[in-house]
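Trainee: I have a structure open in front of me and I would like to learn how to read it. Could we go through it together?

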Amino acid sequence: MLLDQQFLFTPGPTPVPNRVYHAMNQPMIGHRGNAFPKLLEDVSTRLMPVFGSLLPVLVIAGSGTSALETAVSNVVEENDEVVVIVTGAFGDRLASICEAFGANVHRLNIEWGKTCSPDQLEDYLKSLQKNVKAVFATYCETSTGVLNPILELGKVTKQSTDALFVVDGVSCIGAVPVEMEEWGIDILVSGSQKALMLPPGLAFVAISERARETIEKCQSKRFYLDLNKYLSSYEKEKSTPFTPAVSLIYGAQEVCQMIEEEGFHNVIKRHQVLKDMVRVGLEAIELPLLVSDSEASPTVTAVKTADDSSKQIKKMLQDKFAITLGGGQKRLKGEIFRIGHMGYCTPFDVLKILSSIEMTLHELDRKQVLGVATKRAQEVWLQNV
Ligand SMILES: Cc1ncc(COP(=O)(O)O)c(C=O)c1O
């Protein structure tokens, strides 16, 4: 085997296209010179349709968690009442960040592997009887592979409260539809290393006008992640308050170009096809899926495994076929493995993953599965060509 051909199918980081690597290789520029403002403005405005944002998207040097912390620290003050919808490990992380900033956190805990329904949120908000400052939700809960119904949850939040609606879109923005204004989203954050086809290191924050007012008034202690600084720097000089990750922002410019060339609606459709191919393929070889079709994300699929076999399957895929998948997190550790199929991912990649899983099961369990998953997936692809 060619050992340099490694196939990264974790739910982040994800493969980076060659043309994005090339774009990142451009000579360094100073962020107080003439070139950087043009670059940042170009990226911040071209990302607006991808985030469904009416305002330019703010860019911060940091991982996805810094985007979550930005969302929390710019609106949450000590003793504020906040609701966090927890559908898995990343909802749990959002709740922990809110706690770190001194909020009274009300966790709406949902069984892992399920989405939060609008009724569940409505009932919870009614029963809580608190003046809630913000409701936090995770769009794609990467640890389980559910895609929460953000449009409906946003509606319920707006109908039942005056709260801001804050959404973690780290593992799906760039692959799914979203409209901040229409869906009632006040803050939408994401990271670079998932559907946005970049290496790790950029955090993206989109805000509504309403969120902006809260951010201006918010008294919480923050410095590097103070959005007022990013807003003022962007508005005055189209720059960032601190040294930006210039190379990654060049990469983001190329990503915008790629999304525009394919057409964002086609990007969304491609992810639907990838999801369907993965799911029918795995079902054809009787691998149980953690999430139902209607609740599943188009970016990541979690597969349940018996005993400790997820470790064995992952190891064999890695050692024999150079395919890296994700494992289970927290309470799902050892119980699932996860396939990332987002960003720079094609139907051919899905066939590669499925055929390697077939060969792995054939070797491990002597199961007669060769060609079974791939055939079903090919049929789905053909229906969509
Ligand atoms: C939904 C979600 N939120 C937040 C994060 C945290 O991002 P990072 O690991 O870049 O800090 C992740 C990372 O996997 C994620 O999937």
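Mentor: Happily! Let's begin with the sheet, keeping in mind that this is a predicted model. Seven strands form an open sheet with mixed pairing, and their order is β2-β10-β9-β8-β5-β3-β4.

Trainee: Which are the edge strands?

Mentor: They are β2 (58-61) and β4 (104-109), each of which pairs on one side only. From one strand to the next, the twist averages 20°.

Trainee: How many bridges join strand β9 to strand β10?

Mentor: There are five between β9 (residues 187-191) and β10 (residues 202-207), and the two strands run antiparallel. To see the pairing on your screen, find leucine 188, which stands opposite alanine 206 in β10.

Trainee: Now the helices, please. How do I describe two that pack together?

Mentor: Two packed helices are described by the angle between their axes and the distance between the axes. Take helix α12 (residues 264-284) and helix α15 (residues 372-383): they pack at an angle of about 150°, with axes 7 Å apart.

Trainee: Why is α12 called roughly antiparallel to α15?

Mentor: Because angles over 145 degrees count as roughly antiparallel, the angle of about 150° makes α12 roughly antiparallel to α15. The crossing of α12 past α15 is right-handed.

Trainee: Which residues in α12 meet α15?

Mentor: Among them are Val273, Met277 and Val280 in α12, while the α15 side includes Ala373, Ala377 and Trp381. Sorted by class, this contact of α12 with α15 has ten nonpolar, two polar and two charged residues.

Trainee: What about the ligand? Which residues come nearest?

Mentor: Ser63, Gly64, Thr65, Thr142 and Val170 do, out of 13 residues around the ligand. Helix α4 (residues 64-73) gives the most to this shell, with three residues. By class, the shell around the ligand has eight polar, four nonpolar and one charged residues.

Trainee: Finally, how do I spot unusual backbone features?

Mentor: Start from the common pattern: most residues other than glycine have a negative phi, and most peptide bonds are trans. Then look at the peptide bond from glycine 12 to proline 13, which is cis, with omega near 0°. Proline 13 sits in the loop between β1 (7-8) and α1 (18-24).

Trainee: And where is asparagine 79?

Mentor: Asparagine 79 is in the loop between α4 and β3 (81-86). Its phi is near 70°, a positive value in a residue other than glycine.

Note on methods
Residues numbered from 1 in each chain as written. Predicted model: local features only at pLDDT ≥ 70, side-chain atom pairs only at ≥ 80, totals over all residues. Pairing = 2+ DSSP bridges. Helix = DSSP H or I, 4+ residues; strand = E, 2+ residues; numbered from the N terminus. Axes fitted to C-alpha atoms, helices over the stretch in contact; angles between N-to-C directions. Near = placed C-beta within 6 Å. Nonpolar A, V, L, I, M, F, W, Y, C, P; charged D, E, K, R; others polar. Parallel < 35°, antiparallel > 145°, perpendicular 65-115°, else oblique. Left-handed = near helix turned anticlockwise from the far one by under 90°. Contact = placed C-beta atoms within 7 Å.
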